[in-house]
Amino acid sequence: MTLNPFRQHPPGLATCFAVEMWERFSYYGMRALLIYYLTQHFLFSDREGYLLYGAYTALVYMMPVIGGVIADRWLGARQAVQLGAILLVLGHFGMVFEGPAASPATNGEGVVRDALYLNGFFLSLALIITGVGFLKTNISNLVGALYPPHDRRRDAGFTLFYMGINLGAALAPLLCGWLGQTYGWGYGFGLAGIGMLFGLLVFLRGQRHFRGLCESPARTRRGLVGAYLAAPALVAVVWLALHYQQAVGQLLGGAGLLAAGALLVLAFRYCTPDERRGLLTCGALILVTIVFWAFYEQVGSSLNLFADRSVDRVVFGVEIPAASLQALPAIFVILFAPLISQLWLGLSAAGREPGTRGKFGLAIGLLSSAFLLLALGIALEGGDGRIALAWLVLNFALLSAGELCLSPVSLSMVGRLSPLRYCGFMMGVLFLAISAGNFTAGLIAGLTSQGAGDAASIDGYATVYLQLGLLAAGTTAALLLPSIYRRLRPAAAPAQTPEGTP
Ligand code: PHE
């Protein structure tokens with residue numbers, strides 16, 4: 001008997017696990033510090049900072065759509081992961097060069113920032129965004145390709161892989177967040193870069209496990225060179241987009257309309273009636289995920305600054321750096337994942353496992369309780385302007401339980417509800433939705449600060465979180481009421497939801 005969970009799996013799994021763990025380590029380590037860096041080093045106002053943060057995270061999840069297509073057509077997944085890892089190492093190490101901190105202008109109007117370092121910072125962000133775009137979906141594809149289609153170890157493999165994601169996401173804020181907020185930004189960002197360097201080295205050592213997997217059939221030397229040249233061009237476009245954050249919103253809107261139009265054309269012209277129902281249901285549920293991420297992604301933005309300003313973080317006489325608390329959601333995901341999967345198994349044995357819509361309703365219901373309880377915590381605050389840490393921990397716990405009810409379900413829903421030939425397209429649409437959610441999250445976070453130049457007061461947070469809680473409660477009701485109504489109807493009209501449909 002061995003305790004090594006990888007022993008029963010193809011050897012490539014341990015490599016994918018480690019690479020994705022380090023990639024998420026660097027991503028979440030840097031992200032834990034980002035809003036502080038924007039507001040305290042570059043002196044952006046809360047609202048400006050959130051907008052840039054929202055545009056950054058939105059681009060991070062938009063880029064895998066492009067990275068996925070380039071990998072499928074020209075690069076193959078292995079090369080794409082390698083290229084992504086190199087871009088990520090460059091980006092994270094680029095963040096180490098802070099330059100002089102911004103200062104208020106002497107005439108009292110505006111802020112003076114060093115243009116060279118600000119543009120260098122945007123370049124680092126652009127490298128990271130493009131790197132994630134090449135790495136994130138392709139490493140998941142490699143995991144999938146390690147197993148024959150009906151291998152029974154497949155789900156277990158993905159579960160391990162998801163643990164890797166959250167292990168990286170849990171460790172990084174503890175270490176990078178603490179280093180960055182205690183010793184200086186560059187130390188925190190530097191450690192994130194070292195993490196990604198490990199990721200790259202692990203991949204280079206282990207890549208023999210992936211030869212022949214997910215290779216593009218059209219791969220030619222010219223295509224390969226073209227794809228490598230496309231990367232710097234993409235970095236340049238993203239760098240530019242970061243300067244026009246509002247335009248990222250418009251781009252998302254445009255892409256969303258195009259995707260919706262394409263989906264309708266596919267559904268009504270190229271699908272059988274059964275396929276059409278699945279595709280349209282999938283599209284509608286993807287819209288729900290936008291709401292989820294827009295609310296959930298307060299974690300790294302407004303809740304992060306809230307933790308710094310308005311939460312009493314002293315535990316046993318030691319003050320925990322606020323950025324380190326960003327580890328909590330990932331820790332809760334690791335703790336709750338087995339419980340939630342047991343819950344589904346138990347419910348399914350009793351014939352009561354909710355469909356996708358039910359699970360999404362539950363997820364948004366958990367968000368609602370997370371924000372309503374936090375608003376309550378703020379209302380009960382004793383007068384020193386800080387609430388007890390337990391309220392924030394509770395908030396993060398409920399958000400993470402919600403994440404587990406929605407995020408993995410949304411990924412598997414795509415394959416289940418859409419015809420096989422459109423799966424790639426629908427996965428792209430899902431990532432576009434995650435991206436739109438992240439952008440909207442930045443706009444929502446901006447509502448916590450009253451005026452453009454203000455840092456939010458505790459009341460500003462309370463108002464927004466109360467509203468989010470109520471809106472989420474309304475969304476939950478809209479999602480769950482039809483099923484509850486159907487259950488309560490007299491037995492004459494039996495529940496007719498076929499298995500597996502929401
Ligand atoms: N914690 C997850 C991750 O970093 C969040 C996520 C879910 C991102 C689904 C993209 C898609 O991987």
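This report describes the surroundings of the ligand, a nonpolar patch on the surface and the salt bridges of the structure, which is a predicted model.

**The ligand site**

The shell around the ligand consists of Arg24, Tyr28, Tyr61, Lys136, Ile165, Glu403, Ser407 and Ile434. Sorted by class, this shell holds four nonpolar residues, one polar residue and three charged residues. Both domain 1 (10-243) and domain 2 (247-484) contribute to the shell, each with at least three residues. Among the secondary-structure elements, helix α1 (12-41) supplies at least two residues of the shell, and helix α13 (389-417) likewise supplies at least two.

Three side chains of the shell place an N or O atom at a short listed distance from an oxygen atom of the ligand, as the following table sets out.

| Side chain | Ligand atom | Distance to an N or O atom of the side chain |
|---|---|---|
| Arg24 | oxygen | 2.8 Å |
| Tyr28 | oxygen | 2.7 Å |
| Lys136 | oxygen | 2.7 Å |

Taken by itself, the ligand would expose 320 Å², and the protein buries 94% of that area.

**Arg24 and the salt bridges**

Besides its place in the shell around the ligand, Arg24 takes part in a salt bridge with Glu20, in which the closest N and O atoms are 4.0 Å apart. Side chains of opposite charge can pair when their charged atoms come close. Both Arg24 and Glu20 belong to helix α1, where they are four residues apart, or about one turn of the helix. In total, the structure contains nine salt bridges.

**The nonpolar surface patch**

Which residues make the nonpolar surface patch of about 860 Å²? The patch is made by Leu167, Leu171, Leu174, Leu175, Trp178, Tyr183, Tyr187, Ile331 and Leu335. Two or more of these residues come from α5 (154-182), and two or more come from α11 (327-349). The largest share of the patch belongs to α5, which provides five residues, and Trp178 is located in this helix.

Conventions: Residues are numbered from 1 along each chain as its sequence is written. This is a predicted model: local features need pLDDT of at least 70, side-chain atom pairs count only at pLDDT 80 or more; totals for chains, interfaces and linings use all residues. Side-chain values use heavy atoms; hydrogens and water are left out. A residue is near a molecule or strand if one of its heavy atoms lies within 4 Å of it. A polar contact is a pair of N or O atoms within 3.5 Å; within protein, one must be able to donate a hydrogen and the other to accept it, and residues adjacent in sequence count only if both atoms are side-chain atoms. Accessible areas come from the Shrake-Rupley method with a 1.4 Å probe; for residues, only the protein chains shown count as cover. Ala, Val, Leu, Ile, Met, Phe, Trp, Tyr, Cys and Pro count as nonpolar, Asp, Glu, Lys and Arg as charged, and the others, Gly among them, as polar. Domain bounds come from an automatic or database domain assignment. Patches are made of residues with over 30% relative accessible area and no salt bridge: like charges are joined within 9 Å, nonpolar side chains (Val, Leu, Ile, Met, Phe, Trp, Tyr) within 5 Å. A salt bridge is a side-chain nitrogen of Lys or Arg within 4 Å of a carboxyl oxygen of Asp or Glu.
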